[in-house]
Amino acid sequence: MSEERPDPSEFGSDDDAPPVDEKPYKIIFEGNKCFGAGKCAEASSNWELDLDTGIAQPRSYYIDESELDENVEAAEKCPAKKDRGIIHVIDRRKDVEIAPDPHGDGTLSVDW
Ligand code: SF4
């Protein structure tokens with residue numbers, strides 16, 4: 001096993017994933033680090049707080065062009081992980097992390 005990070009487009013994908021042409025973007029969510037600040041839900045209708053757990057969850061993990069901007073905003077506003085954010089928006093075609101992209105190079109910033 002190498003120590004290399006998985007490719008963003010592969011991580012978290014499942015057999016039910018819609019075609020890339022339909023939903024070119026994917027959300028990876030580190031939900032175990034969410035503390036319910038709710039900035040994501042303010043930024044995007046794709047995010048809601050579960051009333052029982054107080055933790056956010058996305059309505060959909062796969063999104064299209066029209067939903068991209070608001071999800072990027074949610075990713076950038078999320079204050080978890082010392083402001084680095086726990087919502088990751090992945091471009092499935094280019095295989096890069098669009099947001100929050102703290103490394104500035106498109107690599108996945110999920111903490112394993
Ligand atoms: S902004 Fe981040 S920490 Fe706050 S509810 Fe959304 S995902 Fe959780």
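**Entry 1: the ligand**

I started with the residues around the ligand, in what is a predicted model. I found Cys34, Phe35, Gly36, Ala37, Gly38, Lys39 and Cys40 in one run of numbering, together with Ala56, Cys78, Ala80, Ile86 and Ile87. Sorting this shell by class gave me nine nonpolar residues, two polar ones and one charged one.

**Entry 2: the core**

Next I looked up the largest nonpolar core, which has 20 residues. Ile27, Cys40, Ala74, Ala75, Cys78, Ile87 and Val89 have the most contacts inside this core. I then asked which elements supply at least two core residues each. They are strand E1 (25–29), helix H1 (39–43), strand E4 (62–63), helix H2 (65–77) and strand E5 (87–91). E1 gives the largest share, with four residues. A reminder to myself: in soluble globular proteins, nonpolar side chains tend to be buried together.

Cys40, Cys78 and Ile87 caught my eye here, since they are listed around the ligand and also among the core residues with the most contacts.

**Entry 3: strand E1**

Is E1 buried or exposed? I noted five of its five residues as buried, so the strand is largely enclosed by the rest of the structure. I checked the two faces separately: Tyr25, Ile27 and Phe29 are buried on one side, and Lys26 and Ile28 are buried on the other. That split fits a general habit, as side chains in a regular strand alternate between the two faces of the sheet.

What does Ile27 touch, once residues up to four places away in sequence are set aside? My list reads Pro58, Tyr61, Ile63, Asn71, Ile87, His88 and Val89.

**Entry 4: the sheet**

I traced an open sheet of four strands in the order E4-E1-E5-E6, with antiparallel pairing. E4 and strand E6 (96–99) are the edges, each pairing on one side only. H2 packs on this sheet and touches E1, E4, E5 and E6, and its direction makes about 140° with that of E5.

Then I went through the pairs one by one:

- E1 and E4 run antiparallel and are joined by two bridges. Tyr25 has Ile63 as its bridge partner in E4, and Lys26 stands opposite Tyr62.
- E1 and E5 are also antiparallel, over five bridges. Here Ile27 has Val89 as its bridge partner.
- E5 and E6 run antiparallel with three bridges between them. Asp91 has Val96 as its bridge partner in E6.

E5 itself is mostly covered, with four of its five residues buried. E5 and E6 form a hairpin with four residues between them. In that turn I stopped at Asp95, which has a positive phi of about 65°.

**Entry 5: Ile55**

Last, I looked up a residue in a loop. Where is Ile55 found? I located Ile55 in the loop between strand E2 (47–49) and strand E3 (56–58). I noted Ile55 as partly exposed because 14 other C-beta atoms lie within 10 Å, while a buried residue needs 20 or more and an exposed one has 12 or fewer.

Leaving aside neighbours within four places in sequence, Ile55 is in contact with Gly31, Cys34, Gly36 and Asp50. Of these contacts, Cys34 and Gly36 took me back to my first entry, where both are listed around the ligand. I also looked up a distance: the C-alpha atoms of Ile55 and Glu70 are separated by 19 Å, with the two residues 15 apart along the chain.

Methods
Residues numbered from 1 in each chain as written. Predicted model: local features only at pLDDT ≥ 70, side-chain atom pairs only at ≥ 80, totals over all residues. Core = buried A, V, L, I, M, F, W, Y, C linked by C-beta atoms within 7 Å. Contact = placed C-beta atoms within 7 Å. Near = placed C-beta within 6 Å. Nonpolar A, V, L, I, M, F, W, Y, C, P; charged D, E, K, R; others polar. Pairing = 2+ DSSP bridges. Axes fitted to C-alpha atoms, helices over the stretch in contact; angles between N-to-C directions.
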